[in-house]
Amino acid sequence: MEEQQLNADTITEETQQFNLKPKEYRIVLEGLNLLSLELENCIMKSTQDMSDRSASISNRIDDSQAAFEPRPDGTVIVKHRYSEKTKIGKKVVFSLDATFRLVFQSKNEFSDDFFIIFRAVSLNLYTWPYFRELLNNLSSRTGMPPLTLPMLKK
């Protein structure tokens, strides 16, 4: 089966017009069972030069890349990628790219229409806590103050 890709632009455009009714979405969602959630890929970079601590610290996180692949056995592989950059002033001092792989058992059809809503509403609820912990853990191991992201409130 071919992996279905969605980016932030697609999601923004598509959320204007969902093709599933809330009841239909709920039926598919209730038929999902999370079998596993794994860190598939992780790349972290850190610079040792953090001398300009008077400059402001800023974070930029991109979580727009998500894809799914239905399997003949009724499972669905969902991949969700986060890309984070921390700057002190204008200099990037830390970056993290992480892709999480979720495996769901689905009793109902996991369609493009379902995934557009799932991506906009539910996917971050599964992956954000793991990304948040990973970022905090890895940043603290680099000698910089641990980066703590806010809790997700949706």
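A residue is called buried under 20% relative accessible area, exposed over 50%, and partly exposed in between. The exercises below apply to a predicted model.

**Exercise 1.** Classify Asp 97 and its salt-bridge partner Arg 81 as buried, partly exposed or exposed.

Solution.
1. Asp 97 has 21% relative accessibility, so Asp 97 is partly exposed.
2. Arg 81 has 27%, so Arg 81 is also partly exposed.
3. The two side chains form a salt bridge, with N to O at 3.1 Å.
4. Asp 97 belongs to strand β5 and Arg 81 to strand β4 (residues 75-88), 16 residues apart.

**Exercise 2.** State which elements the salt bridge between Asp 63 and Arg 119 ties together, and how Arg 119 is classified.

Solution.
1. The closest N and O atoms of Asp 63 and Arg 119 are 3.6 Å apart.
2. Asp 63 sits in strand β3 (residues 57-70) and Arg 119 in helix α3 (residues 112-121), so parts 56 residues apart in sequence are tied together.
3. The relative accessible area of Arg 119 is 6%, so Arg 119 is buried.

**Exercise 3.** Place the pair Arg 101 and Glu 40 in the chain, then in the salt-bridge network.

Solution.
1. The closest N and O atoms of Arg 101 and Glu 40 lie 3.9 Å apart; the salt-bridge cut-off is 4 Å.
2. Arg 101 is in strand β5 (residues 91-106) and Glu 40 in strand β2, with their positions 61 residues apart in sequence.
3. Arg 101, at 22%, is partly exposed, and Glu 40, at 40%, is partly exposed.
4. A network of salt bridges links Glu 38, Glu 40, Lys 79 and Arg 101.

Technical notes:
Residues numbered from 1 in each chain as written. Predicted model: local features only at pLDDT ≥ 70, side-chain atom pairs only at ≥ 80, totals over all residues. Heavy atoms only, no water. Helix = DSSP H or I, 4+ residues; strand = E, 2+ residues; numbered from the N terminus. Buried < 20%, exposed > 50% of the residue type's maximum accessible area, 1.4 Å probe, protein only.
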